[in-house]
Amino acid sequence: WPLIIIGLPMLFAIQTVFHLSIVGFVITLCTIILLVAFAVLVAVLCLLIITKALYHARMLSRKTVVILVLCVVTALTYGVWSKVGRSNAIQLFHAADTSLQVARLQDITAGFRIFPSHQVALTLHALIHHNAQLAVQSITILATETSIVFILLWICLAWYLGLWKALQESRPRIAGPPGKRSSRAHPFPRLLHGVIGSIFEKEALMLYRNPTNALWFCFVLLLWLIQTSLNFYIRRTVGAAGVHEGFPTAIEAFQIAAAVFFVTAFVLRFAFPSFSTERKTAWVLASAPIRMRTLFWSKLLFYGPVFTILAVVLGIVNTTLVPIPVHALIAFLSFIGVSVFAVTALGLSLGAFFPNFETDDPEAISTSLPGLFFTIGALGYGIAGAALFNVFLKTDVMMPIIVFELLSCVAAIMLLRSAAAALEHVDFV
């Protein structure tokens with residue numbers, strides 16, 4: 001549905017500007033739906049293949065599996081980058097040649113024909129220019145690709161029952177001979193000490209031992225790295241064309257919005273539902289000499305630095321794209337730090353104000369009404385901050401930035417204090 005929601009406004013705009021017929025509108029919409037079906041089939045097929053491969057590799061150590069996965073991801077990344085990353089968008093679309101009304105279709109086709117979405121774009125282009133033969137050819141190619149993937153998935157579905165049965169069985173822990181078993185108990189916490197150290201290690205172990213959360217964390221971090229790589233690509237392409245005016249301020253201000261966006265995704269998945277997911281371990285918290293206020297501040301001290309370090313490190317990497325003064329660099333890093341702190345405080349406080357003990361599924365909790373309110377508020381905060389920072393880069397006036405950061409800190413501290421007090425009266429049962 002997200003692709004449909006994005007595609008429908010795009011189709012209405014194209015229909016208005018390029019006078020696309022109703023028939024062409026419906027055909028293009030059908031090709032978008034076919035593309036969604038293709039993407040879903042490919043995702044399920046890859047999931048089955050990966051599960052089958054990991055099942056056969058179950059005797060390998062976790063370190064070996066991680067190394068193999070990293071090698072595959074690195075090879076795929078290099079392949080995509082060698083095909084797309086080294087291209088020049090200015091040359092590809094002939095942006096420097098003002099005598100051309102549109103770019104040459106042959107050059108674009110040669111650069112993007114490996115992507116299934118290209119067939120949808122080619123179909124739309126053919127329908128706008130009343131080229132029925134090209135439209136039928138593109139739809140046929142996309143339908144053939146979808147059919148091939150569907151047949152492969154149908155064949156691989158024979159693995160599903162066996163894999164499902166195997167995954168339902170618990171893997172016995174391999175133990176040595178009775179005489180060689182270690183009876184020494186491992187203390188907890190192992191590295192840190194005290195109440196806060198215990199909570200820190202508990203949160204880290206829950207993240208590490210939950211494959212879904214760990215994979216989700218790595219996936220969002222990968223998207224963030226892709227966005228950073230895209231910044232370098234845009235900088236190299238636009239810089240090679242000699243376009244510099246206005247580019248530094250735009251790219252630096254965009255990093256504020258991007259950092260808040262990705263931190264919002266992390267907070268929504270981990271920090272916001274962290275109190276709701278304590279339902280199963282409520283008896284541990286109730287029997288431990290830990291106040292709920294201490295638990296709240298410990299979670300803030302755990303998630304806050306982790307998200308801040310990620311945002312600041314990638315922010316520093318992105319600042320190498322454009323030459324900015326030292327005071328602007330300091331303002332940029334402080335602005336990101338305050339923004340991440342404010343977003344983390346908002347998510348953690350709303351999670352404490354409105355815990356959901358009916359489920360411990362982070363996805364269900366994050367799509368609740370408080371989760372949606374947090375998402376809208378955090379993204380609006382990031383957009384406002386990016387716009388304000390863009391004004392600062394153009395005018396070099398620091399006072400609005402200082403006022404924004406002070407107001408953010410005051411609001412975040414008030415929220416945190418109120419949430420910590422409210423958590424003392426929450427019944428986790």
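This report walks through the fold, helices, cores, cavity and two unusual loop residues of a predicted model.

## Overall picture

Let's start with the whole chain. The predicted model has a secondary structure of 17 helices and zero strands. Of the 429 residues in the chain, 35% are buried.

The contact pattern is worth a look too. Counting contacts in the chain with a separation of 6 or more, 77% are between residues 24 or more positions apart.

## Two helices to look at

Helix H2 covers residues 22–56, which makes 35 residues. From the first C-alpha of H2 to the last is 51 Å, close to the 51 Å expected at 1.5 Å a residue. Its buried residues are Gly24, Phe25, Thr28, Thr31, Ile32, Leu35, Phe38, Leu41, Leu45 and Leu48. A helix rule helps when reading that list: an α-helix has 3.6 residues a turn, so residues three or four places apart point the same way.

Helix H14 (326–353) is a good companion to view alongside. With 28 residues at 1.5 Å each, H14 should span 40 Å, and its end C-alpha atoms are 40 Å apart, so the two values agree. Because 20 of those 28 residues are buried, H14 is largely enclosed by the rest of the structure.

## The nonpolar cores

As general background, nonpolar side chains tend to be buried together in soluble globular proteins. In this model, the largest nonpolar core has 56 residues, and those with the most contacts inside it are Trp224, Phe296 and Phe389. Six helices, H10, H11, H13, H14, H16 (369–395) and H17 (399–423), each supply at least two residues of this core. H14 gives the most, with 14 residues. Apart from this core lies another, of 15 residues, among them Ile32, Val120, Ala135 and Leu142. Ile32 is also one of the buried residues of H2.

If you would like a single residue to centre your view on, try Phe296. Leaving out residues up to four places away in sequence, Phe296 touches Phe275, Leu348, Ser349, Ala352, Leu416, Ala419, Ala420 and Leu423.

## The cavity

The count comes to one cavity of 30 Å³ or more, and the volume of the largest cavity is about 40 Å³. Its lining is made up of Trp224, Gln227, Gln255, Ala258, Ala259, Ala311, Leu314, Gly315, Asn318, Phe332 and Ile336. Trp224 thus appears both in this lining and among the residues with the most contacts inside the largest nonpolar core.

Helices H10 (211–240), H11 (247–271), H13 (292–319) and H14 each supply at least two lining residues. The helix that gives the most to the lining is H13, with four residues. By character, the lining residues divide into seven nonpolar, four polar and no charged.

## Two loop residues with positive phi

Finally, here are two backbone details to check. His19 is not a glycine, yet has a positive phi of about 55°. This residue lies in the loop between helix H1 (2–18) and H2. His19 counts as exposed because its relative accessibility is 68%, and the exposed class begins over 50%.

Asp396 has a positive phi as well, of about 60°, although Asp396 is not a glycine. Its place is in the loop between H16 and H17. At 48% relative accessibility, Asp396 counts as partly exposed.

Key: Residues are numbered from 1 along each chain as its sequence is written. This is a predicted model: local features need pLDDT of at least 70, side-chain atom pairs count only at pLDDT 80 or more; totals for chains, interfaces and linings use all residues. Side-chain values use heavy atoms; hydrogens and water are left out. On a 1 Å grid over the protein atoms alone, a cavity is a set of points where a 1.4 Å probe fits but cannot get out, and a pocket is an open set with protein on both sides within 12 Å along at least five of seven lines; lining residues have an atom within 4 Å of a point. Grid points are joined across faces, edges and corners, and a volume is the space filled by probe spheres set on the points. Ala, Val, Leu, Ile, Met, Phe, Trp, Tyr, Cys and Pro count as nonpolar, Asp, Glu, Lys and Arg as charged, and the others, Gly among them, as polar. The expected span of a helix is 1.5 Å times one less than its number of residues. Buried means under 20% relative accessible area, exposed over 50%, partly exposed in between (1.4 Å probe, protein chains only). A nonpolar core is a set of buried Ala, Val, Leu, Ile, Met, Phe, Trp, Tyr and Cys residues joined through side-chain atoms within 4.5 Å. Contact means heavy atoms within 4.5 Å.
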